[in-house]
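Subject: Structure handover

Hello,

Here is the structure for you to take over. Please open it first, then read the notes below it.

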Amino acid sequence: MEHMFDYVVCGGGTCGPIIAGRLSEDPNVKILMLEAGKDSADMDDMHMAGAWTQNHTGETDWNLTTPPQPGLQNREIHVPRGRFLGGSSGCNGTICVRGVRQDYDDWGLPEWSGDEMFRAMKKSETFHPSKWFPEDKSSHGYDGPMHIEAAPVLPLGELMLESYKSKGLDYRPDMFSSGETANGCGHTLRTTWKGYRTTPMDFLTKDRKRSNVTIKCNATVDRVIIERETDNTLQAKGVEYEDNDGNRFKAFARKEVILTGGTYASPAILLRSGIGPKADLEALNLVCKVDLPGVGKNLQDHQLIFTYYELSQPGLTDDPRVNHDPNAYENGRREWRENKGGWLAQFPFGAFAFARLDDRLTAENPEWREFSRRPGRDPMGQASSQPSLEFFHTVCYGGPPEYTDFPKEGQYAFAMCCFLCGAQSRGEVKLKSTNCHKNPIVDHKYMSDRRDLLMMSEGVRFANEIVTTGAGTKDKIKGAWPPVGSSDDDMAVVDTKLRVKGVKGLRVADCSIMPLVHSGHTQMPAFGIAEKAAEFIKETASVKSSAVRANL
Ligand SMILES: Cc1cc2nc3c(=O)[nH]c(=O)nc-3n(C[C@H](O)[C@H](O)[C@H](O)COP(=O)(O)OP(=O)(O)OC[C@H]3O[C@@H](n4cnc5c(N)ncnc54)[C@H](O)[C@@H]3O)c2cc1C
């Protein structure tokens, strides 16, 4: 294999293939994309969106677990991450929620404004309209490699929409694409089409195979090769990586190395490369090349609570196919192979809503009233255009594989989910070993900020009101289930164009660069981040080549 490329992209998950795909539009450019996991072309359980949990353990997952979380009664939390081509976009819920413009405006960087991110997010998309769904046309892209569609919400979803509306959350069908409201209900779109999950690997496979992109799987990037130039600056020259047997290789980049290992892995690669907090590096006998105290810090996650209900009547959930059938997976896989249908073809979530709960908390909770507020902001730092919480529900009893108490014949259950948008708890990623095959310590410090706990408690209370007293569902609930019971920021790691501070030719371009999580699930911003990263990289290349031309 040839070892010299123009660009080396480290991580073939969500952002990596988008960047590799965009850069490969120039046939003169040679790209290497390294992925620690395996090829996913033949992974049916990835192609079927409903089989998502099947890839949350074993070789297709990074098997990362947090240390005991004091805010969660010392529970250790498994945080799944895809480890194969397509990465987390290949084992996620396929839900598309772009958030609201203010989420990105709050990053305080003109390059990353709400308008810019909404433009970049739709660039990856081909939206497939449906007769029943009134899409907001201006919010969508129609010629990108990722296939996105609206999914019907099934009978329970229709009732939930009625319940949301009766609680003051107006129906705005495509609000999760347009980002138009912080209070409302509607449909989320899905990264599925014709029974298949779409992932950013669609930038590089099928009709978009590119001869100038080399993809290497089972290739775990250990560190970036950084050399000091004659002008005393540091330059990224390439990477060292290992296969699954520990054999070591080098690949070199004429132009740039781009880290796309995701929120947990990119900081770990930087740290192993000697870029990070000096004391932490020296404690592991790593030579500190650039003392960047922010690497691995400011870790954020959306927290999510599922509350289960039993329904008093049949016909509203998918439990008969999913939970009552002892051969559910066998039958689901057969149906998918035969006609790309069946329960595994779709992700089992129904109708969604956003809500702001600051007024409720302010009226009812003295502790909430004590928190300080910036002008025009609530105690979470959010403006009135930003939702406090997202609500959604499953269309059968479902959730992670470790769940038990499945409904039996004649029993029907579902979960109401409460998802915290503006989480304030901050955690960190640290190395526990310099071995690239050992996972870093991922400590989210969930619920360590009291405001998260108060907002989540109020959210669960509101969700319970929606389900048990809302117009669509109040007569259908039997009970609970189971029936027994910025660049001037010293901590910034990259500049506004995602270049790692202190090293030339090195960028990070994945969800780890988000200074604040947006209101919603993170794959849409991942698409936007990758599209913008590719634009910045091309911009640098064109400035360099015109500078070269000017010198001739
Ligand atoms: C279970 C789950 C459900 C989710 N549901 C949704 C949802 O419904 N909607 C939504 O919008 N978002 C969802 N998300 C979040 C979203 O999918 C991710 O935030 C997004 O895909 C992350 O993109 P990324 O490029 O930052 O990282 P990833 O997609 O994780 O890509 C990183 C890639 O780098 C590889 N890698 C890591 N380390 C190395 C290394 N050292 N060398 C080489 N390769 C390496 C990994 O194997 C992986 O392929 C979900 C995520 C999960 C895990």
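Val221 sits in strand S11. Keep in mind that this is a predicted model. Is Val221 buried or exposed? Val221 is buried, because its relative accessible area is 6%, and buried means under 20%. UniProt lists Val221 under "binding site", in an unreviewed entry. The model places a ligand contact there: a backbone N or O atom of Val221 lies 2.8 Å from a nitrogen atom of the ligand. The protein covers 94% of the 1000 Å² of accessible area that the ligand has on its own.

The ligand shell

There are 38 residues around the ligand. Which of them come nearest? They are Thr14, Glu35, Ser88, Thr522 and Gln523. Glu35 also makes a polar contact through its side chain: one of its polar side-chain atoms is 2.7 Å from an oxygen atom of the ligand. Cys15 uses its backbone instead. A polar backbone atom of Cys15 lies 3.0 Å from an oxygen atom of the ligand.

By type, the shell holds 14 nonpolar, 19 polar and 5 charged residues. Strand S11 (220-228) supplies at least two residues of the shell, and so does helix H7 (262-272). Which element gives the most? H7 does, with 4 residues.

UniProt also has an entry at this helix. Residues 262-276 carry the feature "domain: Glucose-methanol-choline oxidoreductase N-terminal", again from an unreviewed entry. Over residues 262-276 the chain is 73% helix and 13% strand. The end C-alpha atoms of that stretch are 17 Å apart.

Strand S12 and its partners

Now follow the chain on from S11. S11 and S12 form a hairpin with 5 residues between them. Asn232 in the turn has a positive phi of about 75°. The two strands pair in the antiparallel sense over 8 bridges. One pair to look for is Val224 with its bridge partner Val239 in S12.

S12 covers residues 234-242, and 8 of its 9 residues are buried, so S12 is largely enclosed by the rest of the structure. S12 has further pairings. Strand S13 (residues 248-259) runs antiparallel to S12, joined by 5 bridges. Glu242 has Arg248 of S13 as its bridge partner. S12 and S13 make a hairpin too, with 5 residues between the strands. There Gly246 takes a positive phi near 85°.

Strand S23 (residues 503-504) runs parallel to S12, and 2 bridges join them. Leu234 is matched with Val503 in S23. The general picture is simple: strands of a sheet pair through backbone hydrogen bonds, either parallel or antiparallel.

Strands S1 and S2

Next, the start of the chain. Strand S1 (residues 4-10) and S2 pair in the parallel sense over 4 bridges. Cys10 stands opposite Leu34 in S2. What covers the two faces of a strand is worth a check here. In a regular strand the side chains alternate between the two faces of the sheet. Strand S2 (residues 31-34) is covered on both faces. Ile31 and Met33 are buried on one side, Leu32 and Leu34 on the other.

After S2 comes a loop that leads to helix H2 (44-47), and Ala41 lies in it. Ala41 is partly exposed, with a relative accessible area of 49%. The C-alpha atoms of Ala41 and Thr199 are separated by 11 Å, although the two are 158 residues apart along the chain.

An open sheet of four

Last, a sheet to trace by eye. This open sheet has 4 strands in the order S3-S7-S5-S4, with mixed pairing. Which strands stand at its edges? They are S3 (95-96) and S4 (125-128). Each has a single partner strand, so one side of each is left without a neighbour in the sheet. S4 runs parallel to strand S5 (residues 146-150), and 4 bridges join them. His128 stands opposite Glu149 in S5.

Where to begin? I would start at Val221 in S11, then go to the ligand shell, then to S12.

Best wishes

Terms used:
Residues are numbered from 1 along each chain as its sequence is written. This is a predicted model: local features need pLDDT of at least 70, side-chain atom pairs count only at pLDDT 80 or more; totals for chains, interfaces and linings use all residues. Side-chain values use heavy atoms; hydrogens and water are left out. Two strands pair if DSSP finds at least two bridges between them. A residue is near a molecule or strand if one of its heavy atoms lies within 4 Å of it. A polar contact is a pair of N or O atoms within 3.5 Å; within protein, one must be able to donate a hydrogen and the other to accept it, and residues adjacent in sequence count only if both atoms are side-chain atoms. Accessible areas come from the Shrake-Rupley method with a 1.4 Å probe; for residues, only the protein chains shown count as cover. Ala, Val, Leu, Ile, Met, Phe, Trp, Tyr, Cys and Pro count as nonpolar, Asp, Glu, Lys and Arg as charged, and the others, Gly among them, as polar. UniProt positions are given in the numbering used here, feature names are shortened, and annotations may be inferred rather than shown by experiment. Buried means under 20% relative accessible area, exposed over 50%, partly exposed in between (1.4 Å probe, protein chains only).
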